[in-house]
Amino acid sequence: MSRDSTARVLSVAFVLCVVCSILVSAAAVGLSDRQERNKAEEKKKNILQAAGLYEVDVSIEEQFSKIETRIVDLQSGEFTLEFDVATFDSRSAARDPETSYRISPDLDLAAIKVRSRYKDVYLVMAGDDLQQLILPVHGKGLWSTMYGFISLANDFSTVNGFAFYEHGETPGLGGEIDNPDWKKQWPGKKVYDEAGKTRIEVLKGTVEKNSQDAVYQADGLAGATLTARGVGNLLKYWMGDNGYKPFINKLKTAGLKQ
Ligand SMILES: Cc1cc2nc3c(=O)[nH]c(=O)nc-3n(C[C@H](O)[C@H](O)[C@H](O)COP(=O)(O)O)c2cc1C
């Protein structure tokens with residue numbers, strides 16, 4: 001076969017393709033464990049950040065040891081032991097007909113259509129005392145589903161921290177939900193009023209500081225009204241009757257030993 005023959009060119013290209021695909025597949029398979037570990041570590045870091053507990057120079061495992069993970073049945077508001085906390089993934093559960101719940105359109109403030117019937121929640125403990133409760137929340141912005149964590153103090157209404165760890169909103173517009181200046185308004189806000197009504201909201205403009213409702217209100221984002229509305233709506237959904245409210249009410253009456 002001559003060096004420049006068509007058959008030789010094709011066979012060299014074929015061998016090259018096979019070798020490259022073997023290398024890429026081997027790398028994908030070989031690195032998948034590490035990718036899963038990194039993903040789990042990143043999630044723990046986000047939970048710690050929402051709780052205001054993250055320290056750069058302490059290992060995530062050590063910091064996360066103060067946090068207890070539990071799974072909650074959202075309908076009953078009770079903890080469930082049906083799942084292994086180490087492997088439970090509420091996004092996968094939302095795709096499984098056995099564990100998913102279709103949200104009726106009139107209740108679907110977060111515009112997610114379907115959610116898991118079970119959610120992983122995170123308890124920051126000091127001995128036997130619950131100090132903070134960290135809850136995963138998600139909902140539609142303008143372009144994307146935004147995923148975050150909200151951390152509540154042990155009155156289960158005062159926000160300690162609220163941050164998104166995944167979204168596809170436009171940098172400089174909706175992406176300003178990641179701006180530290182916008183995020184710093186959340187600590188101290190209250191989700192529920194004295195009567196237990198879900199009051200938290202994101203305004204279109206800025207909060208009137210002297211208003212008696214200011215404690216339930218957050219500033220919107222100029223030029224990103226739709227993303228900001230999505231944030232307000234997802235909070236209303238997840239903190240409401242179809243979200244974590246039954247669980248929060250159970251925690252208030254029965255504590256952790258329900
Ligand atoms: C390229 C492009 C990207 C945009 N990205 C966002 C976004 O991420 N979030 C958002 O709320 N609005 C975004 N907007 C603006 C919306 O289309 C809409 O004008 C805006 O939300 C209305 O906000 P305003 O009432 O504060 O002007 C984008 C607009 C353009 C042209």
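**Entry 1: the nonpolar core.** I began with the largest nonpolar core of this predicted model, which holds 45 residues, and I asked which members touch the most other members. The list I obtained is Ile 134, Leu 135, Ile 150, Leu 234 and Trp 238.

I then looked up which elements give two or more residues to this core, and noted the helices α1 (6–50), α5 (225–238) and α6 (245–254) together with the strands β5 (118–126), β6 (129–140), β7 (145–153) and β8 (159–166). The element that gives the most to this core is α5, with 6 residues. Where does this core lie with respect to domain 1 and domain 2? I recorded that it lies between them, because domain 1 (1–63) and domain 2 (66–254) both give residues to it.

**Entry 2: Trp 238.** Since Trp 238 is on the list of core members that touch the most others, I looked up its contacts, leaving aside residues up to four places away in sequence, and found Ala 110, Leu 135, Val 137, Gly 243 and Tyr 244. One of these, Leu 135, is itself on that list of core members.

**Entry 3: the two domains.** The domain assignment of the chain gives domain 1 (1–63) and domain 2 (66–254), and I noted that their C-alpha centres lie 32 Å apart. How many residues does the contact take from each domain? I wrote down 7 residues from domain 1 and 14 residues from domain 2. On the side of domain 1 that touches domain 2, α1 gives the most, with 4 residues, and by class that side has 3 nonpolar and 4 polar residues but no charged ones.

**Entry 4: the chain overall.** I counted 6 helices and 10 strands in the chain. The radius of gyration is 23 Å, whereas a compact globule of 258 residues would have one near 18 Å, and the C-alpha atoms fill a box of roughly 85 × 45 × 45 Å along the principal axes. Of the 258 residues, 28% count as buried. Among contacts between residues at least 6 apart in sequence, I noted that 54% join residues at least 24 apart.

**Entry 5: the ligand shell.** Last, I looked up the residues around the ligand, which are Leu 142, Trp 143, Glu 169, Thr 170, Leu 173, Gly 174, Ala 222, Gly 223, Ala 224, Thr 225, Leu 226 and Thr 227. Sorted by class, this shell divides into 6 nonpolar, 5 polar and 1 charged.

Key: Residues numbered from 1 in each chain as written. Predicted model: local features only at pLDDT ≥ 70, side-chain atom pairs only at ≥ 80, totals over all residues. Near = placed C-beta within 6 Å. Nonpolar A, V, L, I, M, F, W, Y, C, P; charged D, E, K, R; others polar. Core = buried A, V, L, I, M, F, W, Y, C linked by C-beta atoms within 7 Å. Buried ≥ 20, exposed ≤ 12 C-beta atoms within 10 Å, placed from the backbone. Domains from an automatic or database assignment. Contact = placed C-beta atoms within 7 Å. Rg over C-alpha atoms; globule rule 2.2 N^0.38 Å.
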